[in-house]
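Work through the two exercises below with the sequence and the 3D structure at hand. Each task is followed by a solution in steps.

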Amino acid sequence: MSGLRLTEGSRGPGASVAVEGAPLTRTQVPYVTGSSVLGMKCADGVVIACDTMASYGSLARFKRLTRMHVASPNCILGVGGDYSDFQQLQTMVDAEMTAQYVANDGLSLSPKAIHAFLARHMYHRRCKVDPLWNSVLVAGFHKGEGTLSLVDLYGTAYSSDVLATGFALHLGLPLLRNAHRPDITVAEAKVVMNDVLKVLFYRDARTNDVVQLATVTAAGVEVGDMVKLDTEWNHKAFVQGARAGDESSW
Amino acid sequence: MVFPCLPLLRHAASLWYGSLCGRRGYTMPKPVKTGTTIAGVVFADGIVLGADTRATSGSTVFEKFCEKIHYIAPNIYCCGAGTSADTESSTGLISSQLELHRLATGRESRVSTSLTMLKRMLFRYQGHVSAALVLGGVDLHGPHLYTVYPHGSTDRLPYVTMGSGSLAAMAVFETGYKDDLSLEDAKNLVYRGISAGIYNDLGSGGNVDLCIIKRGSTEYLRGFATENARKYRRPSGYAFAPGTTAVLSSKFTRPLKEIAVVEEAGVAEAAVDGAATPATGEMDTTT
């Protein structure tokens, strides 16, 4: 890892080229970004969902890419934020899993351990003011119980039954919290997730309508296909115009 | 300190108060905002409007049960989000103007009339009057539901939400709205939307108020759902024994002038101005 250079001189945000005499920084401003990720813990596993788009500011740049990464046979990451930092996270997590495998002691990282590893790393980057500009949802199934946790670019780390990042915090959490019960099944949760993804497509300007759900159950990780959402645009007022049948000019 | 002239008194006083606060290290209180969830839905027979009841100033709850659904006309009501003073005074002003208009025309008010009055006023103030409104009513042309933004733009839609809890409420509406809802379904949808705002947004809270406007009838359900009422109140109240609070000193004074009580045809009045109430002296007690 190109480490800390405690040298003088300030080089504005976004400076990432290695120059003698200045600290090395990477993402200070996100460029290609993914939108929200949602997750719900169920009685028999965990479901996470996100759309499949990476935006370049207001441009819908990459429209059919996966924002999920299978970290281990029983753990999946769903990531929002800067896409290049997501790719770096993928490399890091894979390298760590490989190192564990190479130790050849029959042990591997549990989902909780993967979350802790990411949380430590993200907080360390935050302290260097050189963050990985992401919000990561870690979903896993270990020893008969699902785990769902979040780490963000500041290193904030927590676990809950219902989690979301980005716009889904405001639009998705109310619906997910209403729907969640301790005995909810993965199949029921998928229906709720689809409803929330539709609301996100309607109201978040940086999403598209092709989405992907993933589940982690006792049987392992299953990443679903990229599916186009069935959205409703045929309300009378939308089709005819809100002023139909009226003399009002507004 | 001498103030220049009476009309400027209130402004000058508030400036002086503000500087006093600054000198002593206090901060001026923030304007009371409604930090709100308000919503409206068009259903088969009319409009259902809904609102929460929390008014905040910064992160303090100023009022737990305020009224955010304002009267504009017998057939038109308006929910208000943003600065409380701005929503109350702009809706009150337009309501008065509309009543004069009704007297002049002899007709029931139209929703688009109140909309035009509101948007013209708000545009004139270029967004400085911070009033974000959900205006709904039923007139001869049917049900109308509008949003009015602080800068004066308007939208006409079948379902609308405004305020800090608007995203939570809109998420519920986007999943639950259908054309031509029944009254019960519409009430339930608005109730669920406002509840989503109350429980997921920190700027909203308290009870759910609903207002149902149909052709020829309006029903204002203040406190439609009161799920956040105080759970326990001490039934006997509080009784503090004398001496609970230490009395440091007492001073008794006689009134300055004699009190004459004149009774005429059954009307009793205290004849002297500035006098204390009869039968007790003025008590100046410091604690």
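A residue counts as buried when its relative accessible area is under 20%. The model is predicted.

**Exercise 1. Describe helix α2 of chain A: its span, its buried residues and what they pack against.**

Step 1. Locate the helix: α2(A) covers residues 111–127, which is 17 residues. From its first C-alpha to its last it reaches 24 Å, close to the 24 Å expected at 1.5 Å a residue.

Step 2. Apply the cut-off for burial. The residues of α2(A) that pass are P111(A), I114(A), H115(A), L118(A), A119(A), H121(A), M122(A) and R125(A).

Step 3. Look for the packing partners of these buried residues. They pack against one helix, α1 (83–102), and against the strands β6 (68–72), β7 (75–82), β8 (134–142), β9 (145–152) and β10 (157–159), in chain A.

Step 4. Check what comes after the helix. V129(A) follows α2(A) and has a positive phi, near 55 degrees.

**Exercise 2. Which strand order does the open sheet of five strands in chain B have, and which strands stand at the edges?**

Step 1. Read off the order: β10-β1-β2-β11-β12, with antiparallel pairing.

Step 2. Find the edges. β10 (159–162) and β12 (217–225) of chain B each have a single partner strand, so one side of each lacks a neighbour in the sheet. From one strand to the next, the twist averages 15 degrees.

Step 3. Examine one pair. β11(B), residues 208–214, is joined to β12(B) over six bridges in the antiparallel sense. Within β12(B), T218(B) is the bridge partner of I213(B).

Step 4. Add the helix. α4(B), residues 166–176, lies across β1(B) (38–43) and β10(B), and runs at about 165 degrees to β10(B).

Conventions: Residues numbered from 1 in each chain as written. Chains lettered and ligands numbered in written order. Predicted model: local features only at pLDDT ≥ 70, side-chain atom pairs only at ≥ 80, totals over all residues. Heavy atoms only, no water. Pairing = 2+ DSSP bridges. Helix = DSSP H or I, 4+ residues; strand = E, 2+ residues; numbered from the N terminus. Axes fitted to C-alpha atoms, helices over the stretch in contact; angles between N-to-C directions. Contact = heavy atoms within 4.5 Å. Expected span 1.5 Å × (residues − 1). Buried < 20%, exposed > 50% of the residue type's maximum accessible area, 1.4 Å probe, protein only.
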